[in-house]
Amino acid sequence: MHNVRLDSVDATPRPLLAIGTDYAPGTLLDFHVHRRAQMLYAMTGLMEVETDDGAWLIPPYSGVWIPAGKRHQVRMQGASTRSLYIEPDAAPRIGNYCEVLVISALLHELLLASLTMPALYDEAGRDGALAQLLLHEVGLAPTMPLFAPIPQDPLLAKLCKAFLSAPHIQTTPEQWAGRLNKSLRTFTRLFRQQTGMSFSEWRQQACLLAALAKLAAGQSVTQIALDLGYDSSSAFSTMFRRRLGQAPSNFIRTS
């Protein structure tokens, strides 16, 4: 199924529906929910996902798991996608949070093949076997650390969202504590309570999210490092390699 609206097939009595969709650059799918769980895969381009819990950035050849009923919005940056919509009782992953998934070569090929599956596929035939294998592989997919949680505290959330749009590694917790009229100790405790991360961990994660978007847009490693406030491109590359297991130059080649 290609460029088919989910609502036209959602009631189909099958545990899994596979839909491929092409999006123009900058397309925003405003906040919405699905009755089914969704595994959204970017064949090309970049996806920016936001929920009430936080923000994810999904690079090419990666997927995002969105639990059933999870309110979310997605901005597509030239993305061609494959989506698996899965009945809640057939969902192969547990938990109420979105996850960025590493898509294996096998899962990639299965997602390509899924485009030929009709909504009312033969569960006893090849398509039924393909659906079961897709569910199995989605359940096994490892996750990537590409999440920046958004606090519930409204003032702190406002600072976090502004930082995500223009992150800088040299930003200090003292600066944010001052803006919130709190002591450093109180701010540090509040930030961890609200996000589950230290300020420095969250700051680095936000910079990593921005770096991936800039790399996908074709910016140089040196320019990205400077924009994010790193002392050198080597310092930035070391952070990138430590978090994602590959150099930023490799990400450019594989994107």
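**Exercise 1.** Does W202 count as buried or exposed, and at what relative accessibility?

*Solution.* The structure is a predicted model, in which local features need pLDDT of at least 70 and side-chain atom pairs count only at pLDDT 80 or more, while totals for chains, interfaces and linings use all residues. Residues are numbered from 1 along each chain as its sequence is written, and side-chain values use heavy atoms, with hydrogens and water left out. The classes are buried (under 20% relative accessible area), exposed (over 50%) and partly exposed (in between), with a 1.4 Å probe and protein chains only. W202 has 0% relative accessibility and therefore counts as buried.

**Exercise 2.** Identify the residues with the most contacts inside the largest nonpolar core, and the helix that gives the most to this core.

*Solution.* A nonpolar core is a set of buried Ala, Val, Leu, Ile, Met, Phe, Trp, Tyr and Cys residues joined through side-chain atoms within 4.5 Å. The largest such core has 50 residues, and M47, W176, W202 and F236 have the most contacts inside it. Helix 6 (residues 199–216) gives the most to this core, namely 10 residues. Helices here are DSSP runs of H or I, at least four residues long, numbered from the N terminus. Another core, of 22 residues, lies apart from it and includes L107 and Y121.

**Exercise 3.** Describe the geometry of the aromatic pair F191 and W202, and state which parts it ties together.

*Solution.* Rings of Phe, Tyr and Trp (its six-membered ring) pair if their centres lie within 6.5 Å; planes under 30 degrees apart count as stacked, over 60 as edge-to-face and the rest as tilted. The structure holds 12 aromatic pairs. For F191 and W202, the centres are 5.8 Å apart and the planes form an angle of 80 degrees, an edge-to-face arrangement. F191 lies in helix 5 (residues 184–195) and W202 in helix 6, so the pair ties together parts 11 residues apart in sequence. F191, at 0% relative accessibility, also counts as buried. Both rings belong to one aromatic cluster with F163, W176, F187 and F199.

**Exercise 4.** Why is there no bond between the sulfurs of C207 and C160?

*Solution.* A disulfide is a pair of cysteine sulfur atoms within 2.5 Å. The closest cysteine sulfur to that of C207 is in C160, 12 Å away, which is too far for a bond. C160 counts as buried, at 0% relative accessibility, and C207 likewise counts as buried, at 0%. The structure holds zero disulfides.

Conventions:
Helix = DSSP H or I, 4+ residues; strand = E, 2+ residues; numbered from the N terminus.
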